[in-house]
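This briefing introduces a protein structure topic by topic. Please keep the sequence and the three-dimensional view at hand while reading.

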Amino acid sequence: MRPSVYPEGAAGYMESEKGSNPFTQLWQLNGRCPQGTVPIRRITEEDILRASSIERFGMKRPNTIPRTSPTDFGDDSYVHEYAIAYIEGNGEKYYGAKGILNVWKPNTQGFVEFSCAQLWLLGGPLETGKLNTLEAGWQVNPLLFGDNNTRIFIYWTNDGYQTNGCYNMLCSGFVQVNNGISMGAQISPVSEYGGSQFDILVYIWKDPKQGNWWLQFGNEKPLGYWPASLFPYLNDSATMIEWGGEIINEQNDGQHTTTQMGSGHFPGEGFHKAAFFRNLKYIDNSNVPRDPRGFSTLLQQSSNCYDIQRHNDRVWEYAFFYGGPGRNPNCP
């Protein structure tokens, strides 16, 4: 129950990720699960009752896909807003992705809105019912978890978020093998505005022999894998990678939501104040991490609400700051 190959920088490889701080989950204060078992967050009656229906418990709404052109947004675009960087196209194939995500606790307005930072690997056409995705990162999601705490999460779908796939371990699919991490459990510490900063490595790669897609959080050993059999359009490789932030804006009173993305501050404020992604890489067909040269950026709707700015240097390599407060005098 381990990968046949570890890409550079993954746990099990000879070098660990430099500069990435360890993270903890509060349940770990009481110990860890015995060998041969894995921790699974308890599902309560209250969790299920918060869902729109039992059938869609633990699932995103259909067609919640971060588009890469302003003309691509469909009827649901007013609800989901993104600030992302991405790479795609020209027949390029991607066999994994990584990034180090700055961890915050953004405020969300109301009970049905969420804010997250994640990476996406996508395969297949974008139209309804065919898109395959692998997703991982952190989020604040009171509808799913019943509180406003920051939690790590994963998600997958093989039919464009229609009927297959879910968050974490809320349906069959993802196979967990690590007994030290619980998907959906609260993580600590989180970054403080003007103070200490914390981040977490997220790494997904395809095993070239087994065909499975493996996931690693932080410097822990691999968390587990998505079986190759789940994904008709990710059976060989991904065709697009996206990194960035996402929020839900459910406000229907004519005003923009106050839900924050990232730190809740604009990228121009820089380190210690704005949220960031750093050390972005994709994995090539030789299982080697490569720089995402020429990655593009997408900002949905208005930079007055949420924005994104590149930041590249020798230590952070390919990186960006992103986020914003939502409603403000320039984003009414």
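A residue is called buried when its relative accessible area is under 20%, exposed when that area is over 50%, and partly exposed in between. By this rule, both Cys 305 and Cys 331 are buried. The model is a predicted one, and 55% of the 332 residues of the protein chain count as buried.

**Overall form**

- The protein chain contains two helices and 18 strands.
- Its C-alpha atoms fill a box of roughly 55 × 50 × 45 Å, taken along the principal axes.
- The radius of gyration of the protein chain is 18 Å, which agrees with the value near 20 Å for a compact globule of 332 residues.
- Among contacts in the protein chain with a separation of 6 or more, 73% are made by residues 24 or more positions apart.
- About 14,000 Å² of the protein chain is exposed, and carbon and sulfur atoms supply 47% of this area.

**Disulfides**

- A disulfide is a covalent bond between the sulfur atoms of two cysteines.
- How many disulfides does a search of the whole structure find? The search finds two.
- One disulfide is formed by Cys 166 and Cys 171, whose sulfur atoms are 2.1 Å apart.
- This disulfide of Cys 166 and Cys 171 is left-handed, because the torsion about its S-S bond is about -90 degrees.
- Cys 166 has 1% relative accessibility and therefore counts as buried, whereas Cys 171, at 28%, counts as partly exposed.
- Another disulfide joins Cys 305 to Cys 331, with an S to S distance of 2.0 Å.
- The torsion about the S-S bond of Cys 305 and Cys 331 is about 95 degrees, so this disulfide is right-handed.
- Cys 305 lies in the loop between β16 (296-299) and β17 (307-310), and Cys 331 lies in the segment after β18 (320-323), so the pair ties together parts that are 26 residues apart in sequence.
- When bonded cysteines are counted along the chain, the disulfides follow the pattern 1-2, 3-4.

**Cysteines outside the disulfides**

- Cys 33 takes part in no disulfide; its nearest cysteine sulfur, that of Cys 166, is 19 Å away.
- Cys 116 is likewise in no disulfide, and its nearest cysteine sulfur, again that of Cys 166, is 16 Å away.
- Is Cys 116 buried or exposed? Cys 116 counts as buried because its relative accessibility is 1%.

**Nonpolar cores**

- The largest nonpolar core has 51 residues, and those with the most contacts inside it include Leu 121, Trp 226 and Tyr 322.
- Strand β14 (residues 275-283) provides the largest share of this core, namely four residues.
- Another core, of 18 residues, lies apart from it; among its members are Phe 114, Leu 122, Tyr 155 and Ile 248.

**Salt bridges**

- Side chains of opposite charge can pair when their charged atoms come close.
- The count of salt bridges comes to twelve.
- Arg 61 forms a salt bridge with Glu 250, and their closest N and O atoms are 2.3 Å apart.
- This pair links distant parts of the chain, 189 residues apart: Arg 61 is in the loop between α1 (45-50) and β2 (80-88), and Glu 250 is in the loop between β13 (240-248) and β14.
- Arg 61 is partly exposed, with a relative accessible area of 31%, and Glu 250 is partly exposed as well, with a relative accessible area of 27%.
- Asp 47 forms a salt bridge with Arg 41, with 3.7 Å between the closest N and O atoms.
- Within that pair, Asp 47 is buried, with a relative accessible area of 5%, whereas Arg 41 counts as partly exposed at 25% relative accessibility.
- Asp 291 forms a salt bridge with Lys 281, the closest N and O atoms being 2.6 Å apart.
- Asp 291 is in the loop between β15 (289-290) and β16, and Lys 281 is in strand β14, so the pair ties together parts that are ten residues apart in sequence.
- Asp 291 counts as partly exposed at 23% relative accessibility, while Lys 281 counts as buried at 13%.
- A network of salt bridges links Lys 281, Asp 291, Arg 293 and Glu 317.

Methods. Residues are numbered from 1 along each chain as its sequence is written. This is a predicted model: local features need pLDDT of at least 70, side-chain atom pairs count only at pLDDT 80 or more; totals for chains, interfaces and linings use all residues. Side-chain values use heavy atoms; hydrogens and water are left out. A disulfide is a pair of cysteine sulfur atoms within 2.5 Å. Buried means under 20% relative accessible area, exposed over 50%, partly exposed in between (1.4 Å probe, protein chains only). A nonpolar core is a set of buried Ala, Val, Leu, Ile, Met, Phe, Trp, Tyr and Cys residues joined through side-chain atoms within 4.5 Å. A salt bridge is a side-chain nitrogen of Lys or Arg within 4 Å of a carboxyl oxygen of Asp or Glu. The radius of gyration is taken over C-alpha atoms; the globule rule is 2.2 Å times the number of residues to the power 0.38. Contact means heavy atoms within 4.5 Å. Accessible areas come from the Shrake-Rupley method with a 1.4 Å probe; for residues, only the protein chains shown count as cover.
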